[in-house]
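User: I'm learning to read structure labels and I'd like to know where they come from. Can we go through some together?

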Amino acid sequence: MDAQATIEQWQQELDAVRTRAKENGAHAGVVPFAQAREMKGLDIMQALLEGRFPYPPIAETLDFSLVKVERGQATFQGAPQQKHLNPMGTVHGGWYATLLDSAVGCAVQTMLEPGQGYTTAELSVNLVRGARLDGGPLRAIGTVLHCGRQLATAEGKIVDAQGRLIAHATTTCLVFEAR
């Protein structure tokens with residue numbers, strides 16, 4: 001598939017996610033704790049994807065969306081904008097880091113049992129190519145490497161529609177009993 005066809009497919013997938021979320025009344029907010037602690041992590045992520053739970057406010061701030069989720073993997077899509085530039089006119093490293101932290105962390109979330117939570121303990125990000133404001137959407141794909149009772153590790157990558165690597169990351173997350 002060529003880059004333009006990939007961009008069109010990605011846009012259709014994003015539009016479908018946003019339409020479904022709007023139909024379900026999604027808004028920025030936090031997941032209701034009492035309800036979520038009774039659910040498996042994958043079910044929580046599917047509820048977010050479907051708009052049955054609020055989407056995170058940071059997604060609104062940095063203009064990215066969850067577009068796919070399955071056990072051990074989460075995919076986000078975003079496109080850097082003028083408001084994401086640093087003083088030197090390039091995309092701020094924090095934009096990439098936040099997108100990757102979301103992808104790897106949510107991938108870990110998909111592996112958790114009811115009553116478990118997680119938090120990022122370490123995140124290492126490597127930027128290998130600058131994103132352009134006119135370069136189209138980017139996808140951050142997080143994949144779990146290991147999920148144990150106390151620690152989980154995952155890796156993530158940001159790619160463009162041509163499949164080029166823009167940035168990659170690894171994370172270690174603490175897994176704990178949610179209270």
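Analyst: Sure! Keep in mind that this is a predicted model. Let's start with two residues, Phe-64 and Phe-76, which are both buried.

User: What makes Phe-64 and Phe-76 an edge-to-face pair?

Analyst: Two numbers settle that. Their ring centres are 5.7 Å apart, and rings pair if their centres lie within 6.5 Å. Their planes stand at 75°, and anything over 60 degrees counts as edge-to-face, so the label fits. The pair also links distant parts of the chain: Phe-64 sits in strand 1 (residues 64-70) and Phe-76 in strand 2 (residues 73-78), 12 residues apart.

User: How many aromatic pairs does the structure hold?

Analyst: Two. Trp-95 and Tyr-96 form an edge-to-face pair as well, with 5.8 Å from centre to centre and 75° between the planes.

User: How do you know whether Trp-95 counts as buried or exposed?

Analyst: Check its relative accessibility, which is 3%. Buried means under 20%, so Trp-95 counts as buried. Tyr-96 is at 3% too, so Tyr-96 gets the buried label.

User: And why does His-84 get the label it has, buried or exposed?

Analyst: His-84 comes out at 5% relative accessibility, and because that is under the 20% cut-off, His-84 counts as buried. You'll find His-84 in the loop between strand 2 and helix 5 (93-109). Leaving aside residues up to four places away in sequence, its contacts include Thr-61, Asp-63, Ala-79 and Trp-95.

User: What does the side chain of His-84 reach at 3.4 Å?

Analyst: The backbone oxygen of Leu-62. A polar contact needs N or O atoms within 3.5 Å, and 3.4 Å meets that distance.

User: What about Asp-63: why is it called partly exposed?

Analyst: Its relative accessible area is 24%. Partly exposed covers the range between 20% and 50%, so Asp-63 lands there. Asp-63 belongs to the loop between helix 4 (57-62) and strand 1. Its phi is near 55°, a positive value in a residue other than glycine.

User: How many disulfides does a search of the whole structure find?

Analyst: Zero. Take Cys-147: the closest cysteine sulfur is in Cys-173, 8.7 Å away. A disulfide needs the two sulfurs within 2.5 Å, so this gap is too far for a bond.

User: How are Cys-147 and Cys-173 labelled for accessibility?

Analyst: Cys-147 has 27% relative accessibility, so it counts as partly exposed. Cys-173 has 0%, so it counts as buried.

User: Now the sheet. What makes strand 1 and strand 3 edge strands?

Analyst: Each of them pairs on one side only. Six strands form an open sheet in the order 1-2-4-5-6-3, with antiparallel pairing, and strand 1 and strand 3 (116-127) are its edge strands. Neighbouring strands are turned by 20° against each other on average, direction ignored.

User: How do you know that strand 2 and strand 4 pair?

Analyst: Count the bridges. Pairing takes at least two, and strand 2 and strand 4 (residues 138-147) have six, in the antiparallel sense. For example, Ala-74 has Gly-142 in strand 4 as its bridge partner.

User: Which strands does helix 5 touch?

Analyst: Helix 5 packs on the sheet and touches strand 1, strand 2, strand 3, strand 4, strand 5 (151-160) and strand 6 (165-177). Its direction makes about 140° with that of strand 3.

Methods
Residues numbered from 1 in each chain as written. Predicted model: local features only at pLDDT ≥ 70, side-chain atom pairs only at ≥ 80, totals over all residues. Heavy atoms only, no water. Phe/Tyr/Trp six-rings, centres within 6.5 Å; stacked < 30°, edge-to-face > 60°. Helix = DSSP H or I, 4+ residues; strand = E, 2+ residues; numbered from the N terminus. Buried < 20%, exposed > 50% of the residue type's maximum accessible area, 1.4 Å probe, protein only. Polar contact = N/O pair within 3.5 Å; in protein donor to acceptor, adjacent residues only side chain to side chain. Contact = heavy atoms within 4.5 Å. Axes fitted to C-alpha atoms, helices over the stretch in contact; angles between N-to-C directions.
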